[in-house]
Amino acid sequence: MADHYEVLGVSREASPEEIKKAYRRLARQLHPDVNPSADAEEKFKEVTHAYDVLSDPEQRRRYDMGGDDAFGGGGFGGFGDIFETFFGAAAGGGGRGGRPRSRRERGQDALVRVTLELGDVIFGVHRDIEVDTAVLCETCQGSCCAPGTSPQTCDICHGTGHVQRQVRSLLGNVLTTQPCNVCQGYGTTIPSPCATCAGQGRVRSRRTVGLDIPAGVETGLRLQLPGSGEVGPAGGPNGDLYIEVTVAPNAAFSRDGDDLLATLEVSMTDAILGTETRIESLDGPVDLEIRPGLQSGDVLTIKERGITPLRGSRRGDLRVGVQVVTPTRLDAKQRALIEDFAARTKAPTPKLAEFQQGLFSKLRDRFRSH
């Protein structure tokens, strides 16, 4: 059998592109539908087989090490062809009588991460998001061709996307169907690719996507925007865009489901006598009554000043844990007043409580019980 490199007319150091160009040139000359000479069909089969081996890196490596018997070059070769015949042609090439591949394919999904403030999730927020994805080529509008040109029917497979050839096997002569190596199974070629997108029908670009983020989202939640991902090759359908949300920590408030938690420092005198104060919530000021005798660890609940749930309409609550602040520096007059107060009251002797807990543990348990 003739050397595959000699059949294609290339050197043993030829690049894959040189091998492909040589095959295309010879295939156009020898295809039986183009060349009616008696020996054209056999030469075409020989050229095609040589290309099949040398265009595959692994097969070419094995061939260079000692021949191509493993690839159907003679004797009992052609096992891969037998399996393709009985179990279907190679992927993307279309089986016998099948259709050519479509250049248009669905685009990939895209993922963008967005960081929100805690206040943004109370009622929801609108964001304009910058997305770097593949978009439709404006020059060719997805045709992949230079302006004024169009795809041409492949002159080897005549638009079917596949070619048939006869090989020898254990079962005798077997007719196999293979993807056309000239058009890669598409049935058409693009003689003049679009210069803007290099014949891909799409280019990379930054674009702005408007997004209404609903209330109640949490860190790790993904929002799906169907059809807002990457455009597919040759102007194929867009994939989906996924927005992954991260809610940044807040210095004053934390989240517990749909409720907001906060800690309020109250002076000892205000805790004893009671007072009214105003605190700033995430959506405006709130008036708060400090009743007389308030203790550290008590929880004040402000209804419907929490977060609007993702599914629902009633807002959660704002729960404020109280921390009574004991003064650490007293002048002489203040100390005298406190001593007089202590003398007039019968304060219990200090002792361990039934359950000794730190303030934060106490507040946590109080929050959970309310």
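**A walk through the predicted model**

The side chain of Glu244 makes a polar contact with the side chain of Arg113, at 3.1 Å. A second polar contact, at 2.8 Å, joins the Glu244 side chain to that of Arg222. Keep in mind that this is a predicted model. Glu244 belongs to strand 9, which covers residues 241-247. Is Glu244 buried or exposed? Its relative accessible area is 17%. The cut-off for burial is under 20%, so Glu244 counts as buried. Leave aside its neighbours within four places in sequence, and the contacts of Glu244 fall on Leu111, Val112, Arg113, Val114, Gly220, Leu221 and Arg222.

Now step back one residue, to Ile243. Again without neighbours within four places in sequence, Ile243 is in contact with Val112, Val114, Ile129, Leu211, Leu221, Arg222, Leu223 and Leu225. Ile243 is also part of the largest nonpolar core, which has 36 residues. Which residues have the most contacts inside that core? They are Leu241, Ile243, Ile279 and Leu318. Apart from this core lies another, of 25 residues. Phe44, Ala50, Val53 and Cys154 are among its members.

Leu318 leads on to strand 15, which spans residues 318-325. Strand 15 pairs with strand 11 (residues 259-267) in the parallel sense, over 8 bridges. Within this pairing, Ala262 stands opposite Val320 of strand 15. Strand 15 also pairs with strand 14, residues 299-302. These two run antiparallel and are joined by 4 bridges. Here Val299 has Gly321, in strand 15, as its bridge partner.

Next come the helices, with helix 2 at residues 16-30. Does its length agree or disagree with the expected rise? At 1.5 Å a residue, its 15 residues should span 21 Å. The end C-alpha atoms are 21 Å apart, so the length agrees. The buried residues of helix 2 are Ile19, Ala22, Tyr23, Leu26, Ala27 and Leu30. They cover an arc of only 130° around the axis, and therefore lie on the same side of helix 2. The spacing rule behind such a pattern is simple. An α-helix has 3.6 residues a turn, so residues three or four places apart point the same way.

Towards the N terminus, Asp3 sits in the segment before helix 1 (4-8). The relative accessible area of Asp3 is 19%. With the burial cut-off at under 20%, Asp3 is therefore buried. Its side chain makes a polar contact with the side chain of Arg12, at 3.1 Å. Without its neighbours within four places in sequence, Asp3 is in contact with Arg12 and Tyr63.

Two loop alanines complete the tour. Ala198 has a phi near 60°, a positive value in a residue other than glycine. Ala198 lies in the loop between strand 6 (188-189) and strand 7 (202-213). Ala234 also has a positive phi, near 55°, and is likewise not a glycine. Ala234 has its place in the loop between strand 8 (222-225) and strand 9. Where does each fall on the accessibility scale? Ala198 has a relative accessible area of 58%. Exposed means over 50%, so Ala198 is exposed. Ala234, at 7% relative accessibility, counts as buried.

How values were computed
Residues numbered from 1 in each chain as written. Predicted model: local features only at pLDDT ≥ 70, side-chain atom pairs only at ≥ 80, totals over all residues. Heavy atoms only, no water. Buried < 20%, exposed > 50% of the residue type's maximum accessible area, 1.4 Å probe, protein only. Polar contact = N/O pair within 3.5 Å; in protein donor to acceptor, adjacent residues only side chain to side chain. Contact = heavy atoms within 4.5 Å. Expected span 1.5 Å × (residues − 1). Arc of directions from axis to C-beta. Pairing = 2+ DSSP bridges. Core = buried A, V, L, I, M, F, W, Y, C linked by side-chain atoms within 4.5 Å.
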